[in-house]
Each structure stands twice: as C-alpha cells, then as structure tokens.
Amino acid sequence: MITRFARSVRGRLTLLATAAMAVLCAAVSCYVLYALYQSASEFQRDGLEQRAMRVVRLAQAGRLPPELPSDHRVDVQVIDASGRIVSTTSDITGAPRLSMLVPQAPAVTTAERECDLPRFPGRCSLIVVLRFRGPAGGDWLVYATERAVPWYVSPQVPLYLAALALAPVLLTAYGAWRVVSKALEPVDRIRARLAEITDTDVGMRVPVPDAEDEIRALAVTANQTLERLEAAVERQRRFASDASHDLRSPITAMRTRVEEALLYPQETDWPETGRALLPSLDRLQAIVTDLLTLAKLDAGAPGAREPVDLAELAAAEAAAQRGKRVVTSLQPGVMVDGDRVRLARLITNLLDNAERHADSTIVVTVRRDGAATLEVLDDGAGIAPEHREIVFQRFTRLDASRSRDAGGTGLGLPIAREIAHAHGGTLTIEDSDRGARFVLRLPLRSD
C-alpha cells in the first residue's frame, strides 16, 4: 500500500512537499540549536570569568583562604608564581593541577574546552584561566572549570525543537494532500469517464472543468480525440458494412448460377457457366485486391523510392486502350521521389474514374508550379462541392451520374488519395467549367 501511495501523483507530490518542509525545519532546528549552544557556551564562559575575577580580588586583597567554598558545579584552583597550588575549592582539595593551559602574552585570560582532565576523566570541561600580579610579586594563575555545555545544550532542547519542527511538517503533509487531491479531482472524473467508454459506446465525453488550466486543456483534447475516434469507428462500421455488401453481391451471383447448374447437371453447359462466373470472380478479385492495397497503405508499409518523371509516367498510363479519348498536355522533366508502381496505380485509378464518368474526352495535364502537379479532367456531369470529400471515402455511393457503376469497386479514389498522402502530397477536387477536375500535387525532387 505504501508503495502504491508513493507511485501515485498525489502521493509523490505530498511526499515531495513534506520532505522539503522536513529539510527546511531540520535546517532551522540545527541553526537554532547551534545558536543556543553558542549562547550557552558564551554565558558559561562569562560566568567562569566572573567567578575567577572574584578569586583574583580576594588574592589581591590578601584575603584568599587555602580552601574556597564549593557550589558543587564550578571548581577553582589558584597557582602562585612558583607553580604551587595555594588555594582550591573544597571539592578538589588535594587534587593535582587542573590544566597546564596558560594565557599567551600579552593576553591575561584564555578559555578552552578540554576532555579527560586528570581530575575529571570521561567528561569534557570548559576551563577559563586568568593571569594576575600576585601579592608577593610574580604572575599567579586562577583556573575556573565547569562541565562544558553539550552540543544539545540540554536534553529538553532537542525534544522541544523536534516537537516544534514536527508540527509544520504534519501541517504541510495534510495541506499538500488536500491541495493536490482538490487539483486532481477533475483528473479522477476524467479517468472514471474514460473507464466507462467502450468500443460500442464511443459517444460519451469527459467532463470539462471550469478552471482555465492544463487539466481543462487535457479534457478538451481528450474530447477532441474521442470525437475523432467516434468518427473513425463510424467509418470503420460503414466500411465493414459496405465491404460485406460488395463482397456478398458477386458471391451471391456465383452461388445462384452454380446452384442453378447443379439442379440440371446433365442439361448445363459447364463451359458457358464458367464463362458466366468470370465477371463475378473478376469483380471479387478486384475488391479483394483493393482491400489489400488499402490495408498496406493504412499500415504505413514503405514503398520503393526512386526518381520518377511524372510526365513520362502519365504518358504511359494515358496511352493504354480506353473507351474515351484521352488528351494530354505534359511538361517534361517534372521529377518526384516515389514508388513508381504506386504512382502508376494512382494515375490509373484517376483515369479509370474519369473514363466511367466522361461523356467523350479526358484531359491529362502535368506541369511544374512550385510542386509537381497532375490534373485529370473529364467532361462528365461533375461533382457537387458538398460531395468532393465524400467521394474519397471508401465504398462511397453518390446519386445520379456519379454513382459507382458495376465497373468500379468504390475504392479507387480512396486508394489514390492514400498513395498521394504516402508521398507527402495531396489529391483534391477543384472547380472546373465542366466535369470533375482531380488535382494531384507532389513535392518536387530536391535536385
């Protein structure tokens, strides 16, 4: 559970904010502890110096007793000019000299932290030394020592600091969790709605929050994606329906003919029956071939890339035997990079479409105008502006003279456009005085 929490966005953000606050509080606590330690050490040194000065005044006044009163906290020794102990607190009577620390001239006082003194093994002490002029002459020394302030000052100090630091850390964790959870509520709603969407119900949309922020942009983008997905699913369903209908028609025709022949096998002219089945087989084969071509194009299967003279290729395709007159206007040397076979298929599909709908003439034009441009114009009834994109949909059926006849599969123009897109170009229908004008534009070869 902890691992799952740490992997969630709100968990990571909460941990990050809490860790940052913990580091900040730890730094502040360390600084406060250091400041308290420095203050306590200075205070302790000042106290020892004051105690040593009182002893100096007694010595200079000639009232220094051999044994000083003890408060069981500060220990004092007085050393005369010959190094003899002349006075000491009662707690350390008979003890050796506390330390060999001596102020460096011209200083008259010094202090140092020393550990494991002969009189106080196992502890660290702060020693303050004062040098003064003794009553009989010479330099005397006063040693005042006390257990040194520990780094933690007092056992209660770290506990108080930890308690003070824990409060903002806990508040930060709680606040970060609430703020992140509030910020991610729209994401949770979006996730829940996306989980409800299935391939049979792509019409649902995710809720869009009111705030103008990144989450709103995410929701809008998700809804746009769902709209495209819904349109794609609808096209796929329509494509499957049309494909099944177009495949069923020749299969049904062949089955009917075969069943009829099997009812009277002795009277059936089987060669004639075979010849009658060939048109349906040809149509079935054409549909399957076009479907396989579209599948390869949809999968992004790469084609060969070579220099292709678009005018030369159009001339070769226009020279094929056709039922309508083909007029060409070809500018030579319009070079493109592409798959010669696929580009030939594109031009053939455009010419086949024009042949089915032209009254008498097809005009093929190739020119260079910033791009390699190929136009195929027929003198038929033309295509209404509102239908110029529909004809590129798969298995499209239009009314009147542009309806697909028995010679087409309904996939020629979609295949042509997919080939154009695969070559980085476009295939559109543009205005013309008469008939339909298909315009292909491809990038010119770089050299």
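## Strand E11 and its partners

In this predicted model, strand E11 and strand E13, the latter covering residues 437-442, pair in the antiparallel sense over 6 bridges. Two facing positions help to locate this pairing on the structure: Glu375 stands opposite Val439 in E13, and Thr373 stands opposite Arg441, which also belongs to E13. Strand E10, made of residues 361-368, also pairs with E11 in the antiparallel sense, here over 7 bridges, and in this pairing Val363 is the residue that stands opposite Leu377 of E11.

The connection between E10 and E11 can be followed along the chain, since the two strands form a hairpin with 3 residues between them. In the turn of this hairpin sits Gly370, which has a positive phi of about 90°. Strand E11 itself spans residues 372-378, and 6 of its 7 residues are buried, so the strand is largely enclosed by the rest of the structure.

## The sheet as a whole

These pairings belong to an open sheet of 5 strands, which are arranged in the order E8-E10-E11-E13-E12 with mixed pairing. The edge strands are E8, residues 325-330, and E12, and each of them pairs on one side only. If direction is ignored, neighbouring strands of this sheet are turned by 15° against each other on average. As background, the strands of a sheet pair through backbone hydrogen bonds, and they may do so in either a parallel or an antiparallel way.

## Helices against the sheet

Helix H6 packs on the sheet, where it touches E8, E10 and E11, and the direction of H6 makes about 170° with that of E8. Helix H8, in turn, lies across E12 and E13 and runs at about 130° to E12. Within H8, the residues Leu413, Pro414, Ile415, Ala416, Arg417, Ile419 and Ala420 are buried, and the helix is followed by Gly424, whose phi is positive, near 75°.

## The nonpolar cores

Which residues have the most contacts inside the largest nonpolar core? This core has 39 residues, and those with the most contacts inside it are Leu346, Ile347, Leu350, Leu374, Leu427 and Phe438. Several elements each supply at least two residues of this core, namely helix H5 (270-298), helix H6 (310-318), helix H7 (340-357), strands E10 and E11, helix H8 (412-422), strand E12 (426-430) and strand E13. The largest share of the core, 7 residues, comes from H7.

Leu374 gives a closer view of these contacts: not counting residues up to four places away in sequence, Leu374 touches Leu310, Ala314, Ile347, Leu350, Thr365, Val366, Phe438, Val439 and Leu440. Apart from the largest core lies another one, of 18 residues, which includes Ala52, Val128, Trp140 and Ala144.

## Cysteines, joined and unjoined

How many disulfides does the model contain? The count comes to 1 disulfide, and the bond joins Cys115 to Cys124, with a distance from S to S of 1.8 Å. The link of Cys115 and Cys124 is right-handed, with 95° about the S-S bond. Cys115 counts as partly exposed because its relative accessibility is 41%, and Cys124, at 24% relative accessibility, likewise counts as partly exposed.

Why is no bond assigned to Cys25? The closest cysteine sulfur to that of Cys25 is in Cys30, and because the separation is 11 Å, it is too far for a bond, given that a disulfide requires sulfur atoms within 2.5 Å. Seen from the other side, the sulfur of Cys30 has its closest cysteine sulfur in Cys25, again at 11 Å and too far for a bond. The surroundings of these two residues can be compared as well: Cys25 counts as buried at 11% relative accessibility, whereas Cys30 is exposed, with a relative accessible area of 53%.

## A residue of helix H2

Ala26 has its place in helix H2, which runs over residues 9-60. Is Ala26 buried, exposed or partly exposed? With a relative accessible area of 39%, Ala26 is partly exposed. The C-alpha atom of Ala26 is separated by 9.1 Å from that of Leu161, although the two residues are 135 residues apart along the chain.

Technical notes
Residues are numbered from 1 along each chain as its sequence is written. This is a predicted model: local features need pLDDT of at least 70, side-chain atom pairs count only at pLDDT 80 or more; totals for chains, interfaces and linings use all residues. Side-chain values use heavy atoms; hydrogens and water are left out. Buried means under 20% relative accessible area, exposed over 50%, partly exposed in between (1.4 Å probe, protein chains only). Helices (H or I, at least four residues) and strands (E, at least two) are DSSP runs, numbered from the N terminus. Two strands pair if DSSP finds at least two bridges between them. A nonpolar core is a set of buried Ala, Val, Leu, Ile, Met, Phe, Trp, Tyr and Cys residues joined through side-chain atoms within 4.5 Å. Contact means heavy atoms within 4.5 Å. Axes are lines fitted to C-alpha atoms, for helices over the stretch in contact, and angles run from 0 to 180 degrees between N-to-C directions.
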